Structure formats: structure tokens, C-alpha cells
Amino acid sequence: MSTKVVVITGGGGVGKTTLSAALAVGAARRNLQTCVVTVDPAKRLADALGVETLGNHPTAVANQPGLWAAMLDVSASWEAMVHRHAAPEVAERLLADPFFRTLADRFPAAQSYAAGEQMAEHIESRRWDLLVVDTPPAGGGIDFYAAPGRMREFIGGRLLRWLTGASIPGRRAIYKVTARPALKLADTVLGGPLLEEVADFLMDLRSLHDGISHRAAAIELHLRRATPIVVTTAYPTPMREARRFFEDLPEKAGKSDTVVFNKQLPATWTDSAALRGAEIEAPIRTALRDNLTRWAAEVRRQHDIKQQFAARHELHMIEVPWAESAPTSVDALAGLLASAPELEEHLPA
Amino acid sequence: MLERKLIFVSGKGGVGKSAVAASLAIVAARRGLRVLAIGMVDGLGLAEHFATEKLAYAPRGVRPGIDALAVYREEALDEYLRLQLHVPRAAPTKVLTRALNVLAETAPGIREIVTIGKPIYELWKGGYDLVLVDAPPLGQLFSYLRAPSAIADLVPAGPIQKQANHMRDSIADATTTSLVLVTTPEELPVLETMETLDRLDVEPVVGLETLVVNRLLEPLEVPKNVLATLPAGPHSAAAHHHLATHSQQQRWLDALPPSPQLPYLFGLHTAGEVAEQLGDVWDEII
């Protein structure tokens, strides 16, 4: 079974997780075997889908035949990755290393890279017609695409090579001679043999190089083939993040000529329709008029910045209307998708 | 609030943290303070709200009374080595910087201490009445604020440890330094803000100045029974939208302690206008 992949990206709080779930429900209802993979906050998706808990392994969604859901468990993926790419004794040492834990928590590409490895596994399991991937919000979703390259660069990059020598050293290998004076100086400044300790760890890390760079290339290929859907709202922060996607990612992502604006107000609020209903009291009439004036101004602002954005990046715009409450059932998710029919056209036939 | 020397402004991403930081800088400058605004992550938000181009590492005047800069890690690392750790100019700092760059990706707290070092360094230099920081969003805030103590625990006694302890004390000194937490009255930002408040109780790394509730809607004086009888159309739809959003907002507002409130600003086209208007609101609050 060849799997189509849709990657939903965008900044935090724009409704990526909900739209991912809605698309997945729509696909399942077209008889596609579908899996939606989410990152965070998984609880909302689990609630909406009526699933108790989500984990790395897909769970069947009870109320929707053909739909499975999974969550990215970063630390589990990270450990699996180490076991896959490292010799057993190196894996053990790495997983016990406090610096390695920090790397997993802090290196911005690490979590996104782990998410990418998991995506690749879902694709390669060949279980699905469609995989819907809800990306981590870091860097407006852009980190997810950049992560394989950054990870490869970090582990195989000039700095590590310079510290550890050109060939992959064995256990407790010594540093390249040219690096030694700098390390000595660094240790004087740091006040102890800190860099020496870290360097042992960096050597172990380097032994992952071949495995990771091979895998990273596979993930990059999957990402280029996937259909990206960029989601934003008409507020500055998420739009800045969406802009990064279109400006910084030309060759790493599949081509996208569409931007999805979520939580949009009706364009009809800009018209200055007369307020009918003669029996309405004057103060209430004034309040209603003033209220519409304010919201109409907001609709105009949002309209203008959306148009500007779409024009600058030559994008087609899909608008998903604002909904009073977050969907809490499979049917409500299907309803959300039905409110933006163009979005549904992004599903593979 | 404007009596502090160093104020960190944080909040969940997208709640308007940069707008609030910029507006506080504006109101402080209107009262005659010399203000340095620092974008700790990339400075893009601050630049938009000051209606200026990309910020540099060196301070630049952006408005009367306000200089602004953005922290970039490589320059911050260089400054940290030279000025804070007094690495002699003759030392091969290029080589050292490269080694530390590797370390910064891996060792706990190095990147964070170098970044948070910049506002603290500016505080110590004392060239401004107020250093106002557009800080990282809540998810990363503690890893920055705690970096100095993390580093002090990690390294043996030496210049770095001494410096880190000094930084930790400056952040914790509530007479000079405080934190402003911005939220919008919505589910996820409020929940994350409440988690942060709990964490500050357990780990008082910095004094809390205040919470700020941003984008709050005013009540709409249209009774529900009247709304029900309105003919369908934009008036009724906009009123329904306002009332529904307002009542959701009130629910989340009730979960928070009483805090200064900033209004939802309708229809403002530029970030510069937003910061300016919020500055007017602060003028009345403070």
C-alpha cells in the first residue's frame, strides 16, 4: 500500500491539531485507511476522537471505522532512534549520559527529528492510504522540515569532526591533536575538565553518524513528497511563523500554493446592512450598530492582511470559519471540515 | 511597575507578549525614562511593534527615549567570553568560540546563560533606567531563568561559576528585577499561565510583577431575549459572536487572580498602532 502524506504545519494555537483530526475523519469517511499522528496537546485530540489515551502505536478510533490515531512520544522515539543507530554498548552509555538527555530536551532539532523518524516508520509500515501528520509547533512547524538536515549536520558536521578527527574513533579515543590547545584553554576558562567529559560523549554521538545521515535522507525524501498544509490565523505571531514556511523552505518541502486561515469571521460583516426590526429599543439598537462597526473593522483588517499575505507569496487562500466551540466528537470534526469544502479537496482521491 | 530596572515580559506564544513589552517601553519613555528594549529570541516581534527594520545586536534608537536590540547567540557568546569572563583579547577566542558552540548545543544551560546574560549585563552596565525584555515564551522561560543556577551547579569553582551566581542573584533580586506574564482569556494560554504561577511558587527564580490579560472584550449590552428575536443578518451574527466570545473569556478570566486588563483592539492594521494604543491604556492603568 502506498501512503499519501499530509503534513499540517503552523505556529502554536492556530488549531493545527483540530484541523488534522478533521481532515483525517474526512478521509476515513471516504474509505481511506487513515492514521492521524499528533504531537501536543494530545489530550484534546484524544477527547475529540473519543480515544482514552494515545501512544506511539496507532489506536483505532471507536466511532469512526478506518481511522487510527497515534501520538508522538518524544522520549520513546528518541530512545528507539539510539537503539537503531548505535552499537548496543554505546546506546546504553548514551542513554545514561546527562548531556545526551539535555540534547534530547534542548537541541531544537532533536525532538522534531524524532518526530520525523516516527513519521517515516508509519509511512514504511505500509498500513495506511493516508497519514495526517500534525507537526510540533516549534519554529512555526518549520523545524520539522529542517530537523533531518540539522541533525545530520550536527552529528557529521565540521565542529564534531574537528574535535574528534576525521574517522570515527573508538571508545575513549583521544582528540585530534590540533584541537587540544583549544580544549585546554576552554577547560581553564570553564574551571575544570568539563569539555573533556563532553568530548567523550561527543565521540559516542559521532558513532551514530552513518545511521542517522542515512535515515535523515530517507525522512527528507518523505517530506518532499508529502503535501504540506500551512495553517494560520489572521494575527501577527502565527502569520510571521507561516511566512517563515513560505520564505525559508523552498526545497525541503513539497510545493504548497495554499495557505489555510483558521477561525475566520464572515466577510459579510463588512456590509452596512440596515438593522431591521422596528421594535428594538434605541440603546440596544445603538449597541448593535456599534458592535457591528467594531467587528466589521476587524474583519476588514483581517481581510487586508490575508490578501497581502496571499499576494506576496502567490497563494491560494482557504478560510475555515470561526466556530463557537471546539469539536468534541467525530461528527463535529466532520462538520468542521464540511464548513470548509475546499480543504477537503486537499485529500487524495 | 516602572520602578524596576529589569523587567522580563513572557507569555504563551501568540498572546501579544511583544506588543505588551513594546507598549510598556513606550509608556516608560513617555514618563521620561531611558529605556532599552531587548528581543531575547529574535527581536522580530519588537521590531514590528516599534515599526522599524530588523534589530541588531548593538542598541539602536527606535523612538524618542527607546533603544532596542536583539540577542543573537554568536555575538552574545563572544561578548560573554570577552567582557564577562575576561578572556584575554590575545587568546584564540575564535577557536574557543567554535568549541563552545558545540558545547552550547549540548551542555545544559550554556546557550541560555549566554542569551540571558545580555539583559543582565546591560542592567549591570547601568546605561538605562529600565531594561525591558521581550523574553522567550512560557515553554522555554524557566530554562533561561534557571540557566545561571544550573551552570553554577554544573561547573567547578571558577570564573564561570562566580559569574553565574552573580547573574542568578540579579534575576532573583525583586527590588531590581521582575516578571510580567501576559495571557489572553482563552483556555490554553490561561492553563499554561496557571502552571507557570504554580511553578514560580515552587521555584521562585524571579519576582512576579503582575499578570496582564490581553485582548479582553467589553460586555455588550444586548439582552439574550432581544438577540433571539433579531432578524438574521450581520448585526445579529456579530452580536452573537461577541457575546459567545465574551462569555468564554469571562470564564477563563475568573480562573485568574485580578490583573490589569488590556482591551481587544479592533481593526488596527499595523503592529505599531497596536503598541501605541496599548501604551495609551497603560497611561491610565499605571
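Trp295(A) makes a good starting point: with a relative accessible area of 2%, this residue is buried. The model discussed here is a predicted one, and Trp295(A) belongs to helix H13 of chain A. Tyr264(B) is likewise buried, at a relative accessible area of 12%. Both values fall under the 20% that marks a residue as buried.

Aromatic pairs offer a friendly way into the architecture, and the count over all chains comes to ten. In one of them, the ring centres of Phe261(A) and Phe309(A) are 6.2 Å apart and the planes meet at 80°; the pair is therefore edge-to-face, since angles over 60 degrees fall in that class. Phe261(A) sits in strand E7 (residues 258–264) of chain A, whereas Phe309(A) sits in helix H13 (residues 282–312) of chain A, so this pair ties together parts that are 48 residues apart in sequence. Both Phe261(A) and Phe309(A) are buried. Returning to Trp295(A), its ring centre lies 5.5 Å from that of Tyr264(B), with the planes at 45°, so this pair is tilted. Because Trp295(A) is in helix H13 of chain A and Tyr264(B) is in the loop of chain B between strand E8 (261–263) and helix H12 (271–285), the pair joins two chains.

Phe261(A) and Phe309(A) also take part in a cluster, in which ring pairs link them with Phe144(A), Tyr145(A), Phe245(A) and Phe246(A). Phe261(A) has a charged partner as well: Lys306(A) lies over the face of its ring, at 6.0 Å from the ring centre. Elsewhere in chain A, Arg127(A) places its charged end over the ring of Trp68(A), 5.8 Å from the centre of that ring.

Attention now moves to Val330(A), found in helix H14 (residues 330–338) of chain A. The relative accessibility of Val330(A) is 4%, so the residue counts as buried. Which residues are in contact with Val330(A), leaving aside its neighbours within four places in sequence? They are Val25(A), Arg29(A), Ala48(A), Leu49(A), Val61(A), Asn63(A) and Gln64(A). Val330(A) and Gly50(A), 280 residues apart in sequence, have their C-alpha atoms 7.8 Å apart in space.

Chain B contains twelve helices and eight strands. Of its 286 residues, 58% are buried. Among the contacts in chain B with a separation of 6 or more, 73% are between residues 24 or more positions apart. The accessible surface of chain B is about 11,500 Å², and carbon and sulfur atoms account for 53% of that area.

A hairpin in chain B can be followed residue by residue. Strand E3 (residues 60–63) of chain B pairs with strand E4 (residues 66–70) of chain B in the antiparallel sense, over three bridges. Opposite Gly61(B) stands Asp67(B), in E4(B). Two residues separate the strands of this hairpin, and Gly65(B) adopts a positive phi near 85°.

Confidence in the model deserves a word too. Chain A has a mean pLDDT of 83, and 83% of its residues reach 70 or more. Over residues 168–174 of chain A, however, the pLDDT is below 50; this stretch has nine contacts in the model beyond near neighbours in sequence. Where pLDDT is low, predicted coordinates should not be read in detail.

Terms used: Residues are numbered from 1 along each chain as its sequence is written. Chains are lettered from A and ligands numbered from 1 in the order in which they are written. This is a predicted model: local features need pLDDT of at least 70, side-chain atom pairs count only at pLDDT 80 or more; totals for chains, interfaces and linings use all residues. Side-chain values use heavy atoms; hydrogens and water are left out. Rings of Phe, Tyr and Trp (its six-membered ring) pair if their centres lie within 6.5 Å; planes under 30 degrees apart count as stacked, over 60 as edge-to-face and the rest as tilted. Helices (H or I, at least four residues) and strands (E, at least two) are DSSP runs, numbered from the N terminus. Buried means under 20% relative accessible area, exposed over 50%, partly exposed in between (1.4 Å probe, protein chains only). A charge sits over a ring if NZ of Lys or CZ of Arg is within 6 Å of the ring centre and within 35 degrees of the ring normal. Two strands pair if DSSP finds at least two bridges between them. pLDDT is the predictor's confidence in each residue, from 0 to 100. Contact means heavy atoms within 4.5 Å. Accessible areas come from the Shrake-Rupley method with a 1.4 Å probe; for residues, only the protein chains shown count as cover.
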